[in-house]
Amino acid sequence: MTGKDSTTGGTTADGRTVGTTAGGGTVGEGTRAVRAGLPDPVKYEPTLPGPVFAAHFHLPGEPVGPYTYGRDENPTWTHLERAIGELEAPGQTVETLVFASGMAAISSVIFSQLRAGDAVVLPDDGYQALPLLRERLEAYGIEVRAAPTGGDAQLGVLAGARLLWIETPSNPGLDVCDIRRLVKEAHAAGALVAVDNTLATPLGQRPLELGADFSVASDTKGMTGHGDILLGHVTTANPELAAGVRRWRKVVGAIPGPMEAWLAHRSLATLHLRVDRQCATALTLAETLSTHPGIAGLRYPGLPGDPSHAVASGQMRRYGSVVSFVLPDRDHAERFLDALRLVDDATSFGGVRSTAERRGRWGGDAVPEGFVRFSVGAEDPEDLLADVLRALDEAVR
Ligand code: PLP
């Protein structure tokens, strides 16, 4: 890395930014994370410029970008979008668009790419995008097909589809599919591929390098990691696809506030520290639970005995912060969650404070009543393990 070359991204003809990785992709992940998206230094200016609060920008004459109106572009998004692009695809030129939430990012890909008469393949065991979107898609004349993530079962319903939507590892079941294989077959069949990369984050898995057309995420989770922001993004290397997503964002207006975008960028600087700690503790927790007599159905892709491990190892560089397991019944799970002192009984995942929840309380996921999704935070591992083991003991009573 040559000192200040952390944003070597280019600018398109209309003034939009596209990112090329810091140092041409040659720096380590930690270095990349702390410098991602930073503009060239300017004397007396902060390293990461503060949030730009603007509904409109001073714009005499012809309305040419990069900054015209606040629903179209914002300099704080630009920095964040470059940063995410550098993490998603080091050394490549890609476009990233940030959104007000993960669902806004998901919807932007689905609704910008699909037309009446198209078919889309979704996972039937992933985040609840399927139940949230199915009715609307069908009302627009789009055929919705679904199959499980594990065993690459989505391939079985792919024929003739326009878009294959993958979520790997799947939330909450933590099954994994082979992204390279699915992409190869989908492209051969003329389908685009989008990967929901929320659980892995780009430090765990880089879908574009595995051939996907879109990498999409809820940055509400591990990317921002503090449980205080809703945000999402879409990254693609294909300018035409990016243009469709950009247009959708403008039409729907699902844009992040500048404060959220700035906080997200600030949070990315610690992404590698957080995920390293969280993934290491998640593995330790999974190993500990694997021999615990009260636990069934333990899943963690990083565990060598896990059904997902072989495929995950071929495409993931870190296995994520989420561990799932099944306690004997609903009451047992509730008692366990009540007994935890260092773990919040809350939904979502990927944050620095551990959270756990009985997933079945929401309905909609095909999981047993005692199924617990556990998101490992950045606490000291020994404290967390002691808390979990004590809570498991107490739950038996
Ligand atoms: N994708 C996955 C895998 C998720 O777990 C979630 C939320 O839990 C989303 C997308 C939706 O993200 P958001 O809540 O930021 O809209």
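**Helix packing and cysteines**

Trainee: How are H3 and H4 placed relative to each other?

Mentor: This is a predicted model, in which local features need pLDDT of at least 70 and side-chain atom pairs pLDDT 80 or more, while totals for chains, interfaces and linings use all residues. Residues are numbered from 1 along each chain as its sequence is written, and side-chain values use heavy atoms, without hydrogens and water. The axes (lines fitted to C-alpha atoms over the stretch in contact, with angles from 0 to 180 degrees between N-to-C directions) of helix H3, residues 102-113, and helix H4, residues 129-139, come within 12 Å and cross at roughly 40°. With helices being DSSP runs of H or I of at least four residues, numbered from the N terminus, and oblique meaning neither under 35, over 145 nor 65 to 115 degrees, H3 and H4 are therefore oblique.

Trainee: Which residues of H4 make the contact with H3?

Mentor: Contact means heavy atoms within 4.5 Å. From H3, the contact involves Met103, Ile106, Ser107, Ile110 and Phe111. Their partners on H4 are Ala129, Leu132, Leu133, Arg136 and Leu137.

Trainee: How many disulfides does the rule give?

Mentor: A disulfide requires two cysteine sulfur atoms within 2.5 Å. The closest cysteine sulfur to that of Cys177 lies in Cys279, 18 Å away, so the pair is too far apart for a bond. Cys279 is likewise in no disulfide. The count is zero.

Trainee: Is Cys279 buried or exposed?

Mentor: Buried means under 20% relative accessible area, exposed over 50%, and partly exposed in between, with a 1.4 Å probe and protein chains only. Cys177, at 0% relative accessibility, falls in the buried class. The relative accessible area of Cys279 is 12%, so Cys279 is buried.

Methods: Helices (H or I, at least four residues) and strands (E, at least two) are DSSP runs, numbered from the N terminus.
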